[in-house]
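Trainee: Hi! Could you walk me through this one while I have it open?
Mentor: Happy to, just ask away.

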Amino acid sequence: MKTIATTLLIALIAADARAESLEWAELPPLPDEHGFAGPFAGTSGGALIVAGGANFPDGYPWDGGAKIYHDRAFVLEKPDGAWQIAAPLPKPVGYGVSASLASRASLVCIGGNDADATFADCFELTWVGGALKASPLPPLPVASTMGCGAAIGDVVYHAGGSLDGETHRAFYRLDLGAERPAWEELPWPEGAPGRILAVAGVSGGQFYLFGGADLGSDRWDKRSYLNDAWRFDPEAGTWQRLADMPAQVAAGPSPAIAAGASHLLLLGGAGRDFVEAQRALRPETDGNGVDHPGFPKRQLAYHTVTDTWVETGGSFPADRLTPVTTPTVAWQGGIVVPTGEVKPGIRSPQVLLAETTSDKPAFGIVNWLVVVLYLGAMVAIGAWFSRRNKSTDDFFRGGQRVPWAVAGLSIFATMLSALTFMGIPARAYMTDVSWYLGQLPILIVVPVVVLFYLPRFRKLDITSAYEFLEHRFDLFARLFASTSFILFHIGRMAIVVYLPALALAQVSSIDVVTCIVLIGILCVVYTVMGGIEAVGWTDAVQAVVLMGGALLCMVLVFAGVEGGAGAVWETAVADGKLFQNLEASFDIRDGTASFLVLFVAFLFNSLVPYTSSQDLVQRYVTTPTEAEARRSLWTTMWMSVFGSIIFFALGVALYAFYKAQPALLDPAMEKADAILPFFILGQLPAGVAGLLIAAIFAAAQSTVSSSLNSVATAYVTDFHTRLFRPRGGDRARLKVARVAVVAVGSLGITVAIVMAKSEMESAFKTFNSLIGLAAGALGGLFALGVFNRRATALGAAVGAVSGFATVVTLYLAKAPVTGLLYALIGFAVCFLVGSVVSLATPRRTA
């Protein structure tokens, strides 16, 4: 029996299943009155290609018409254009496998048959300069027809098929990116029968195999129809049995449509239940396709995260018959289903284009009111503390009057960005909670900071963390570190604002630019007004909102699962969502499953910012005393250890919730990181949803405001005062600091908006990643100054540059080293090289 809490929550949840909506349009029909079954189809040079296949042009098969195989090829360069008749294929062929390779701008055609033979031939079609060219590729190891396949990058996969009435239990791949491409035989799923007319799929870099039929006869009604599902991991080289499909599917358009971040959609197809039902209903149509009602219009949606299926109706337009034995092709932002068999023995020249659509929930006036009140409160805090900003010491260090509890919460909120707020639950939802181990090294990092770093920072009475480096080494070390920090955080601000705004926009009616402006401008306003003291206090409030929001959301998700927390736990144990997948190895290629790699990697990923990043070190000098600074760090430590449990538990709860109710998922959701706001806006009442979205805003603002103030502090202290205006007055410096906040904030907001309106996101993230690779070397530079008394300025410079160069080289060369270890590598190279060089150079007394 459901608990009262469950009943109350379910009453708030729409009872209707969220059915995937495919919006259909028609492209010009093929210039053949009959159409084709089993054609090759794909893209090259931006054009759609349909070639080969078979039909009955001289009469229906029950009237004695012969099946004719074709070598004809057709090309459509734009949706509103006309089909062009291109050069024919090397020979007539149908029922082979098609795979489009974007990197090669080509369509790969594999196997197939004609009236007399089954082929192993493979060739590549390219459309260049208005001409279709066929180039030979290595043949399959065995002739095969009616198989299925798909491409992952430059690698083409081929599964199943048949030869001379025998189904294959064979799985091959061809790496066209290799110097000498050759087909490689891979293992077949253990215990799975061979099959023809299966549906392939690709999602998350993995290959899927769905259903099909095992040959018992050439007749449809004598075949053994299948509803099993399998997933192949190319890296591990292993298959995994998935949940069975709710219906048998053979001959459905293949590959399955990859919808959003985690769904595969199977359209139509037929199974034994359909064949027998049609024979029982209309026995007189057996063998007569004219009176046949056509194939099922069902749609099966498979969710790759929760391993669940949802069956919906209406996969094809109501006024069009459902095609089978035809490929699907990604083209012009949609999925093309060209021609195909629409009744036994009958083809159609129709060409359909589908696009996935989603009804995003309106944010609503109540939710907006809650968000506006929250954001207004943050600005009010800034206005309150603006009265106390009389000097740069007030603006940069809060006059050293920030209470230890506020400083501790501020550090915690700074490290917990909106990406983390959404990303940790999303990771636990998609994989497991093993990354919680990454929170435990903070138990080592904070004592190290308290014992060795904090006393030095407080003793020097620094404003910028990088003053320590000039005191210990020289001006170059200070400027190198400060420049790296400033560049990284300018870029980081744009990404921290843009990505959560994008995630919110994908699952709601909130415009992405509106999100960016709200988060960015209000951060600039209260940071300019109140300085680090306002930042600290707003961060503290935001930390409470963050944790309270996450806790409330977790409780509501638990309440929405039949059986509550106990059922969530049982699901987590049964589906390996805890620590079951961890290993004791030290595999540096992929540390996600290694306990040792995770612990060591996160140890240095935490040590580096806590010891060398201005936005954190700045907090250490805002409290009245060193003792209070220590207490703030202890607060941060325990908040990180216990607070993160809530976020990981929330992710597991979301997994259990949607595994039990997969119909509530939206296949059009493009980013899995949006699962938390998707739940909030789709399942929670107005007001509560607004409060939790405000928590996401809070997470973004806490990071951005910290970056704004710390970048301004680094610029004014390390460059303006140290290099450009060393004799300038304090009032003038305060004005420069405020101008710097506005300038940096405006730049970050502008870049975020440009990313939202253009295709530059990938390039910009790459640039920011390169700058961020310097972080490990900076950590090593500070460690060199703290722990190596013999370290020299030259040794520090060579070590820092070496550490940065090493990590950049690994990154650009795509070395088989997980990025989780980059901080460790940069740190270690800097420290070791710096120590060695220092032994051979004159020592400067600190």
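Trainee: Let's start with Glu470: buried or exposed?
Mentor: Glu470 is buried, with a relative accessible area of 15%. Keep in mind as we go that this is a predicted model.

Trainee: Which residue does Glu470 form a salt bridge with?
Mentor: With Arg722, and the closest N and O atoms are 2.5 Å apart. The pair links distant parts of the chain, since Arg722 sits in helix 16 (residues 688-724) and Glu470 in helix 8, 252 residues apart.

Trainee: And how accessible is Arg722?
Mentor: Arg722 is partly exposed, at 33% relative accessible area.

Trainee: How many salt bridges does the count come to?
Mentor: The count comes to 19. Another of them pairs Asp461 with Arg397, where the closest N and O atoms are 2.8 Å apart.

Trainee: Where do Asp461 and Arg397 lie?
Mentor: Asp461 is in the loop between helix 7 (442-460) and helix 8 (467-472), while Arg397 is in helix 4 (residues 392-397), so this salt bridge ties together parts that are 64 residues apart in sequence. Asp461 counts as partly exposed at 43% relative accessibility, whereas Arg397 counts as buried at 6%.

Trainee: What does Glu533 form a salt bridge with?
Mentor: Glu533 forms one with Arg401, the closest N and O atoms being 3.2 Å apart. That pair also links distant parts of the chain: Glu533 belongs to helix 10 and Arg401 to the loop between helix 4 and helix 5 (404-415), 132 residues apart. Glu533 is buried at 2% relative accessibility, and Arg401 is partly exposed at 27%.

Trainee: Which residues are linked with Arg401 and Glu533 in a network of salt bridges?
Mentor: Arg388 and Asp394 are linked with them in that network.

Trainee: Switching topic: which residues have the most contacts inside the largest nonpolar core?
Mentor: Those are Phe421, Tyr620 and Tyr658, in a core of 175 residues. Helix 10 (residues 512-559) gives the most to this core, with 20 residues.

Trainee: What does Tyr620 touch?
Mentor: Leaving out residues up to four places away in sequence, Tyr620 touches Ile411, Val449, Leu454, Phe457, Arg458, Tyr610, Ala629 and Leu633.

Trainee: OK, cysteines next. How many disulfides does a search of the whole structure find?
Mentor: The search finds zero.

Trainee: Why is there no bond between Cys122 and Cys109?
Mentor: Because their sulfurs are too far apart: Cys109 holds the closest cysteine sulfur to that of Cys122, and the distance is 9.1 Å. The cut-off for a disulfide here is within 2.5 Å. Cys122 counts as buried, with 4% relative accessibility.

Trainee: What about Cys553, where is the nearest cysteine sulfur?
Mentor: It is in Cys515, 17 Å away, and Cys553 is in no disulfide. Cys553 is buried too, at 1% relative accessibility.

Trainee: Last one: which residues form the nonpolar patch on the surface?
Mentor: Leu443, Trp634, Trp638, Phe642 and Ile645 form it, and together they have about 490 Å² of accessible area. Helix 14 (residues 626-660) gives the most to the patch, with four residues.

Trainee: Where is Trp634, and how accessible?
Mentor: Trp634 is in helix 14. At 31% relative accessibility, Trp634 counts as partly exposed.

How values were computed. Residues are numbered from 1 along each chain as its sequence is written. This is a predicted model: local features need pLDDT of at least 70, side-chain atom pairs count only at pLDDT 80 or more; totals for chains, interfaces and linings use all residues. Side-chain values use heavy atoms; hydrogens and water are left out. A nonpolar core is a set of buried Ala, Val, Leu, Ile, Met, Phe, Trp, Tyr and Cys residues joined through side-chain atoms within 4.5 Å. Buried means under 20% relative accessible area, exposed over 50%, partly exposed in between (1.4 Å probe, protein chains only). Helices (H or I, at least four residues) and strands (E, at least two) are DSSP runs, numbered from the N terminus. Contact means heavy atoms within 4.5 Å. Patches are made of residues with over 30% relative accessible area and no salt bridge: like charges are joined within 9 Å, nonpolar side chains (Val, Leu, Ile, Met, Phe, Trp, Tyr) within 5 Å. Accessible areas come from the Shrake-Rupley method with a 1.4 Å probe; for residues, only the protein chains shown count as cover. A salt bridge is a side-chain nitrogen of Lys or Arg within 4 Å of a carboxyl oxygen of Asp or Glu.
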